[in-house]
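I'm opening a fresh notebook page for this protein. The plan is to look things up one at a time and jot down what turns up.

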Amino acid sequence: MQASHFHQRRSLIAAAALAVPAFHALAQSPRVLRIGNQKGVLSFLKARGTLEKRLAPLGVSVTWTEFNAGPVQLEALNVGSIDFGDVGEAPPIFAQAAGAPLVYVAATAPLVASEAIIVPKGSAIQKLADLKGKKVAYNKGSNVQFFLAKLLEKNGLAYSDVQHVHLAPADARAAFVQGSVDAWVIWDPFLAAAQKTLEARLLADATGVVNNRGYYFSSRSFADKNADILRIAVEEVTAIDKWFGTDRAAAAAEYAAILGLDRSVAELTLQRRPIGTVPVTKAILAEQQVIADTFFELKLLPKKISILEAAQAGVA
């Protein structure tokens, strides 16, 4: 009996000894930054490969997955499929309410001219009040949903005064072309493409209504363990953002080539994009809190949330 216990003990010790090198190898395994991007600044970063070059000396590789809108990006973050991405104002709010472990990493300058509500060129709709009872298409859970809510409020309409048609950008464009919706709330470059190729008429952009910032995000676990990687990623994004402002013509040519857009669409998109990638501050997060509170009041969020819970450590 004692010999049997001895052999069992020896087997356990041997198994543990074998596990130590395996655990050490796992701990030393190469790091990976999995990026989920929309058509925009991160598309430049992917095409240029500069982030990969910066991270290679740290033993970090990069993978890319493109999404057509923010909500699906954050679904990917929530299930652990990506570590970093770019998104508008609203998607991270819905994601946080759903329990996604996101943190805000950086923000853009306000992009007030980069989202708008448009109507077909021959539409009888001439002013915002004419939208009452009309079908308005937009991507549910995206920044344009908050823009629409505040735009209606500013023009004396209730959120329920329009018919809300939830469609992703490609489907919304098709519905817009077919005339099955009366108006479309959308962002660049889809907005610029509709103006240039469909002669869509701009009814109102976000000027004086909402700030329409873009955000770069990560997961809490990734941010806590990989601050060096995120710092470099934001530095590379900032460098491209600055380049947009130094040579708009070259930027438009590259933008058109990377995204497969008409040159005029790329030029219009960049023409109205302000330059600036900034740190996320408590003041900026307070802007997000207003959006979250608005969605809760409209019964679009299941519960109240505190945006500060999604702040990085040490935010000022």
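**Entry 1: a helix to start with**

Which residues of helix α12 (residues 263-271) are buried? I looked them up and got V265, A266, L268, T269 and L270. A note to self before going on: this is a predicted model. Next I checked what those buried residues of α12 pack against, and found α8, α10 (227-246) and α11 (248-259).

**Entry 2: stepping back**

I wanted the overall picture too. The protein's secondary structure comes to 13 helices and 11 strands. Its C-alpha atoms fill a box of roughly 95 × 45 × 40 Å, taken along the principal axes. Of the 316 residues, 48% are buried. The protein exposes about 14800 Å², and carbon and sulfur atoms supply 57% of that.

I also looked at contacts between residues at least 6 apart in sequence: 79% of them join residues at least 24 apart.

**Entry 3: the sheet**

What is the strand order in the open sheet of 5 strands? I read it off as β7-β6-β8-β5-β9, and the pairing is mixed. β7 (163-166) and β9 (201-205) stand at the edges with a single partner strand each, so one side of each has no neighbour in the sheet. From one strand to the next, the twist averages 30°.

**Entry 4: zooming in on β8**

β8 caught my eye, so to speak. How many of its residues are buried? I counted 5 of 5, which fits the label "mostly covered". A183, V185 and W187 point one way from the strand, W184 and I186 point the other way, and all are buried.

Then I went through the partners of β8. Strand β5 (residues 115-119) is joined to β8 (residues 183-187) by 4 bridges, and the two run antiparallel. Here I found I118 opposite W184, and A116 opposite I186. With β6 the pairing is in the parallel sense, over 2 bridges. In that pair A137 stands opposite W184. I've underlined W184 in my notes, as it faces I118 and also A137.

**Entry 5: helices on the sheet**

Which strands does helix α7 (residues 169-178) touch as it packs on the sheet? I found β5, β6 (135-138) and β8, with the helix direction making about 145° with that of β8. Helix α8 (residues 190-197) packs on the sheet as well, touching β5, β8 and β9. Its direction makes about 130° with that of β8. I'd already met α8 in Entry 1, where the buried residues of α12 pack against it.

**Entry 6: two helices crossing**

A reminder for myself: two packed helices are described by the angle between their axes and the distance between the axes. I tried this on helix α6 (residues 143-154) and helix α13 (residues 282-297), and got an angle of about 70° with axes 11 Å apart. Why do I write "roughly perpendicular" for α6 and α13? Because angles of 65 to 115 degrees count as roughly perpendicular, and theirs is about 70°.

Last lookup: which residues make this contact? From α6 they are Q145, F146 and K150, and from α13 they are I291, T294 and F295. I sorted the residues of this contact and got 3 nonpolar, 2 polar and 1 charged.

Conventions:
Residues are numbered from 1 along each chain as its sequence is written. This is a predicted model: local features need pLDDT of at least 70, side-chain atom pairs count only at pLDDT 80 or more; totals for chains, interfaces and linings use all residues. Side-chain values use heavy atoms; hydrogens and water are left out. Two strands pair if DSSP finds at least two bridges between them. Axes are lines fitted to C-alpha atoms, for helices over the stretch in contact, and angles run from 0 to 180 degrees between N-to-C directions. Contact means heavy atoms within 4.5 Å. Buried means under 20% relative accessible area, exposed over 50%, partly exposed in between (1.4 Å probe, protein chains only). Ala, Val, Leu, Ile, Met, Phe, Trp, Tyr, Cys and Pro count as nonpolar, Asp, Glu, Lys and Arg as charged, and the others, Gly among them, as polar. Accessible areas come from the Shrake-Rupley method with a 1.4 Å probe; for residues, only the protein chains shown count as cover.
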